[in-house]
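Welcome! Here are some short exercises to help you find your way around a new structure. Please try each task yourself before reading its solution.

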Amino acid sequence: MSENEKITRLFAALGADDPQGWAESEVAENLPQLARYRFLRALSQDIEAWDTASVSSLRDDSDAEGATESNPTMDLGRLARLVAREMAFSVLRRLADPDSDDLPADIRQQMPGWVLTETTPAGEPTHRSLDCLYEDLDTVVDSSPGTQPSRTVATGWIWLSNLRPFCEYLAAEVEYDFDDSDWLAIDTALPETDDDQPRSAWYTYPLVGRDRVDLQIARSVNGDEVSVGVQGTVDSRVRSRVELLFDIMARYALAPE
């Protein structure tokens with residue numbers, strides 16, 4: 001199989017309308033068209049994930065975190081900032097991890113990736129990577145009243161006895177390998193929490209796999225429930241599955257095998 005044929009097949013696997021044309025451009029013009037298309041395809045999927053439920057979730061969370069009395073202009077401005085922040089987070093995450101897309105493993109292994117690097121003032125590469133920028137985005141965004149970023153996936157409560165399976169199922173949604181050491185950290189911290197305290201005082205545990213979500217938990221001191229929040233940037237399918245997970249873990253007590 002020629003290089004042109006191989007690249008054409010990879011463009012076809014990505015769903016390109018003209019895989020042969022893209023492949024010919026890469027080979028004849030020596031342009032990284034396959035990497036460019038893969039990156040833009042991932043961003044397109046992030047854009048398509050913005051449905052009505054996603055926007056409503058951002059609006060509701062923004063209102064819960066201190067929005068002032070209703071003002072249509074200010075409300076749209078705040079919502080626009082939140083959506084822009086979410087997309088910036090998605091772009092930075094895609095830059096940091098080319099393999100965060102939905103490609104099958106056998107196709108992914110044949111795909112080129114990318115890296116964002118620093119340059120000198122003269123434009124010469126220093127070979128130092130700007131890695132995981134999405135992790136520090138919140139440290140530089142505008143934190144003035146009414147503009148706090150929000151990445152709420154879902155919030156609610158579950159039965160305390162269901163907390164570990166909840167963590168395991170949530171981790172599976174982002175392809176994170178949750179094990180005994182993760183559970184030990186959460187189980188050790190939980191008794192010191194109180195869901196009457198502000199959300200910022202709850203215990204937060206990151207689950208970083210294909211996507212990253214931050215699990216926020218606090219125990220009901222006088223009950224058998226745990227208040228839970230899930231923060232992160234996920235697509236609508238994962239968001240729906242997490243919401244269903246909350247519903248199941250609040251309705252039923254899971255019995256171990």
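The exercises below work on this predicted model, going from the whole chain to single residues.

**Exercise 1. The chain as a whole**

Task: Find how many helices and strands the chain has, and what share of its residues is buried.

Solution:
- Begin by counting elements: the chain contains 9 helices and 6 strands.
- Next, look at burial. Of the 257 residues in the chain, 38% are buried.
- Finally, turn to contacts with a separation of 6 or more: 61% of them join residues 24 or more positions apart.

**Exercise 2. Helices α2 and α3**

Task: Describe how helix α2 and helix α3 cross, and list the residues that make the contact.

Solution:
- Two packed helices are described by the angle between their axes and the distance between the axes.
- Take the distance and the angle together: the axes of α2 (residues 19-29) and α3 (residues 33-48) come within 8 Å and cross at roughly 135°.
- This angle makes α2 oblique to α3, because it falls outside the ranges for roughly parallel, roughly perpendicular and roughly antiparallel, the last of which starts over 145 degrees.
- Now the residues: α2 contributes Trp22, Ser25 and Glu26, while α3 contributes Gln33, Leu34, Arg36 and Tyr37.
- Sorted by type, the residues of this contact of α2 with α3 are 3 nonpolar, 2 polar and 2 charged.

**Exercise 3. Helices α7 and α8**

Task: Work out the geometry of the pair α7 and α8, including the hand of the crossing.

Solution:
- Helix α7 covers residues 163-173 and helix α8 covers residues 180-189; their axes come within 11 Å and cross at roughly 130°.
- With that angle, α7 is oblique to α8.
- The hand of the crossing between α7 and α8 is right-handed.
- On the α7 side, Leu163, Arg164 and Cys167 take part, and they meet Asp180, Trp183 and Ile186 of α8.
- The contact of α7 with α8 has 4 nonpolar residues, 2 charged ones and no polar ones.

**Exercise 4. Two cysteines**

Task: Say how many disulfides the structure holds, and decide whether cysteine 132 and cysteine 167 are buried or partly exposed.

Solution:
- A disulfide is a covalent bond between the sulfur atoms of two cysteines.
- The structure holds 0 disulfides.
- Cysteine 167 has a relative accessible area of 0%, so it is buried.
- Cysteine 132 has a value of 23%, so it is partly exposed; the cut-off for buried is under 20%.

**Exercise 5. Three residues in their places**

Task: Locate arginine 93, threonine 155 and asparagine 222, and describe the surroundings of each.

Solution:
- Arginine 93 sits in helix α5 (residues 72-96). Its relative accessibility is 5%, so it counts as buried. Leaving out residues up to four places away in sequence, arginine 93 touches Asp46, Ser100, Tyr134, Arg210, Asp211 and Thr233.
- Threonine 155 belongs to strand β3 (residues 152-159). With a relative accessible area of 42%, threonine 155 is partly exposed. Not counting residues up to four places away in sequence, threonine 155 touches Arg199, Val228, Gly229 and Phe246. Threonine 155 and valine 242 are 87 residues apart in sequence, yet their C-alpha atoms are 9.5 Å apart.
- Asparagine 222 is found in the loop between β5 (212-219) and β6 (225-232). At 80% relative accessible area, asparagine 222 is exposed. Its C-alpha atom and that of aspartate 194, 28 residues apart along the chain, are separated by 9.7 Å.

Methods: Residues numbered from 1 in each chain as written. Predicted model: local features only at pLDDT ≥ 70, side-chain atom pairs only at ≥ 80, totals over all residues. Heavy atoms only, no water. Axes fitted to C-alpha atoms, helices over the stretch in contact; angles between N-to-C directions. Helix = DSSP H or I, 4+ residues; strand = E, 2+ residues; numbered from the N terminus. Parallel < 35°, antiparallel > 145°, perpendicular 65-115°, else oblique. Left-handed = near helix turned anticlockwise from the far one by under 90°. Contact = heavy atoms within 4.5 Å. Nonpolar A, V, L, I, M, F, W, Y, C, P; charged D, E, K, R; others polar. Disulfide = S-S within 2.5 Å. Buried < 20%, exposed > 50% of the residue type's maximum accessible area, 1.4 Å probe, protein only.
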